[in-house]
Amino acid sequence: MSRGRVSINGAAVRPLEPLREAAMTDLLLLGIDAGGSSCRARLALADGRVLGEGRGGPASARLGVAPAFDAMMEAVRGAWGQAGLGPPVFSRVVAAAGVAGFRREGAAEAFAGRPHPFADLAFTDDGTIACLGAHGGAEGGVVVVGTGSIAVGLLHGQPLRFGGYGLPASDEGSGARLGQAAMAFAFEVVDGRRLRGSLAAAILERFADSTPAMTGWMERASPADYAGLAPLVLAAAPQDEDAAALLMEAGRGIGGLVDALAGAGCRRIALLGGLAEPLRPFLPAASMARLAPALGDALDGALGLAKARLAEISGARRNA
């Protein structure tokens, strides 16, 4: 098996290694979006034509390298299976992965040292591939809202970042923060400080109206667990003013990230992620006016990085 190579944004770069397993014309491209709630993979020909896609479990760096890799490989095997290429031959694959939490201390080195079966594998964070995909490989900014949230951009060749530091103090507007707020509201209802509406009823029903069950759950809850409560807030909002208020607060958090990118000079900003569309109506009007449609998704950005890496390898071979 090969060793990982981090070749994006200057982290732990390894020297180029010759690809002996397959001829250059046989190589395939693989993009991986390793998120906090799930992992997606997209397999394509060298010219970009998509062959198949797959999905795996949570793959954030916060979970550790081994669980993240397991989820990534689950998604990759799914993409290969959908492509109908027969038994996997991953030595034909040049891959790029954007990993949630990749900027955590030590994560880049840990992922770089993990053995993998691909011809080549490059890593970056999930925000970078989302940004590249949203703007067709050009400069711009994105706010990604899912389990967590982050604003990233590329401006004059330099990266931008706002937020995305994780619970409990960051990731404003995210599913995880929304779930935390919903739990806090539910405890106020338990105390009798707030009226029990449809949102509180849905949360308390999940825990069989047991306060010890709620506190015990919180002691071991992950960001993805909290994000799992976000659909309850969204479902309750049309008839529950308290749920709508939580969504408005989330919208203000997302709007702040949009405004930070605009203030830094990003002229084109897209809103992405699993909660982007559900939360879009709750953004402040001024922030909404700054948004542009995404030209592609995070997997498009990852495939673009893989394609650039393939060109780099091809050039090195020609000059060898």
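**Exercise 1. The packing of α4 and α5**

Determine how helix α4 and helix α5 are oriented to each other in this predicted model, and which residues make their contact.

*Solution.* Step 1: locate the helices. Helix α4 covers residues 175-191 and helix α5 covers residues 198-206. Step 2: take the axes. They come within 9 Å and cross at roughly 95 degrees. Step 3: classify the angle. Angles of 65 to 115 degrees count as roughly perpendicular, and α4 and α5 are therefore roughly perpendicular to each other. Step 4: list the contact. From α4 come A182, M183, F185, A186, V189 and V190, and from α5 come L199, A200, I203 and L204. Step 5: sort by class. The contact of α4 with α5 has ten nonpolar residues, with no polar and no charged ones.

**Exercise 2. The packing of α3 and α12**

Carry out the corresponding analysis for helix α3 and helix α12.

*Solution.* Step 1: locate the helices. Helix α3 spans residues 126-134, and helix α12 spans residues 298-319. Step 2: take the axes. Their axes come within 6 Å, with a crossing angle of roughly 95 degrees. Step 3: classify the angle. The pair α3 and α12 is therefore roughly perpendicular. Step 4: list the contact. On the α3 side are I129, A130, L132 and G133, which meet A298, D300, G301, A302 and L305 in α12. Step 5: sort by class. The residues of the contact of α3 with α12 comprise six nonpolar, two polar and one charged.

**Exercise 3. Aromatic rings and charges over them**

State how many aromatic pairs the structure holds, describe the pair of W217 and Y226, and identify the arginines placed over the rings of F69 and Y165.

*Solution.* Step 1: count. A search of the whole structure yields nine aromatic pairs. Step 2: examine W217 and Y226. Their ring centres are 5.0 Å apart and the planes are 75 degrees apart, an edge-to-face arrangement. Step 3: assess burial. The cut-off for a buried residue is under 20% relative accessible area. W217, at 15% relative accessibility, therefore counts as buried. Y226 is likewise buried, with a relative accessible area of 9%. Step 4: look for linked rings. F69, F102, F111 and F123 are joined into a cluster by ring pairs. Step 5: add the charges. The charged end of R114 sits over the ring of F69, 5.3 Å from the ring centre. R161 lies over the face of Y165, at 4.2 Å from the centre of that ring.

**Exercise 4. Backbone exceptions**

Locate the cis peptide bond at P168 and the positive phi values of D171 and A208, and give the burial of D171 and A208.

*Solution.* Step 1: recall the usual case. Most residues other than glycine have a negative phi, and most peptide bonds are trans. Step 2: find the cis bond. L167 and P168 are joined by a cis peptide bond, with omega about 5 degrees. P168 belongs to the loop between β10 (158-162) and α4. Step 3: consider D171. Its phi is near 60 degrees, a positive value in a residue other than glycine. D171 is placed in the loop between β10 and α4, and it is buried, with a relative accessible area of 7%. Step 4: consider A208. Its phi is near 55 degrees, again positive in a residue other than glycine. A208 lies in the loop between α5 and α6 (211-220) and is exposed, at 64% relative accessible area.

**Exercise 5. Residues distant in sequence**

Relate the positions of G251, G256 and A122 to residues far from them along the chain.

*Solution.* Step 1: begin with G251. This residue is in helix α9 and is buried, with a relative accessible area of 0%. G251 and L283 are 32 residues apart in sequence, while their C-alpha atoms are 4.2 Å apart in space. Beyond its neighbours within four places in sequence, G251 is in contact with F282, L283 and P284.

Step 2: turn to G256. Helix α9, residues 241-264, contains G256, which counts as partly exposed at 37% relative accessibility. G256 and G173 are 83 residues apart along the chain, and their C-alpha atoms are separated by 9.3 Å.

Step 3: finish with A122. This residue is in strand β7, residues 120-125, and is buried, with a relative accessible area of 3%. A122 and G31 are 91 residues apart in sequence and 9.9 Å apart from C-alpha to C-alpha.

Terms used: Residues are numbered from 1 along each chain as its sequence is written. This is a predicted model: local features need pLDDT of at least 70, side-chain atom pairs count only at pLDDT 80 or more; totals for chains, interfaces and linings use all residues. Side-chain values use heavy atoms; hydrogens and water are left out. Axes are lines fitted to C-alpha atoms, for helices over the stretch in contact, and angles run from 0 to 180 degrees between N-to-C directions. Helices (H or I, at least four residues) and strands (E, at least two) are DSSP runs, numbered from the N terminus. Angles under 35 degrees count as roughly parallel, over 145 as roughly antiparallel, 65 to 115 as roughly perpendicular and the rest as oblique. Contact means heavy atoms within 4.5 Å. Ala, Val, Leu, Ile, Met, Phe, Trp, Tyr, Cys and Pro count as nonpolar, Asp, Glu, Lys and Arg as charged, and the others, Gly among them, as polar. Rings of Phe, Tyr and Trp (its six-membered ring) pair if their centres lie within 6.5 Å; planes under 30 degrees apart count as stacked, over 60 as edge-to-face and the rest as tilted. Buried means under 20% relative accessible area, exposed over 50%, partly exposed in between (1.4 Å probe, protein chains only). A charge sits over a ring if NZ of Lys or CZ of Arg is within 6 Å of the ring centre and within 35 degrees of the ring normal.
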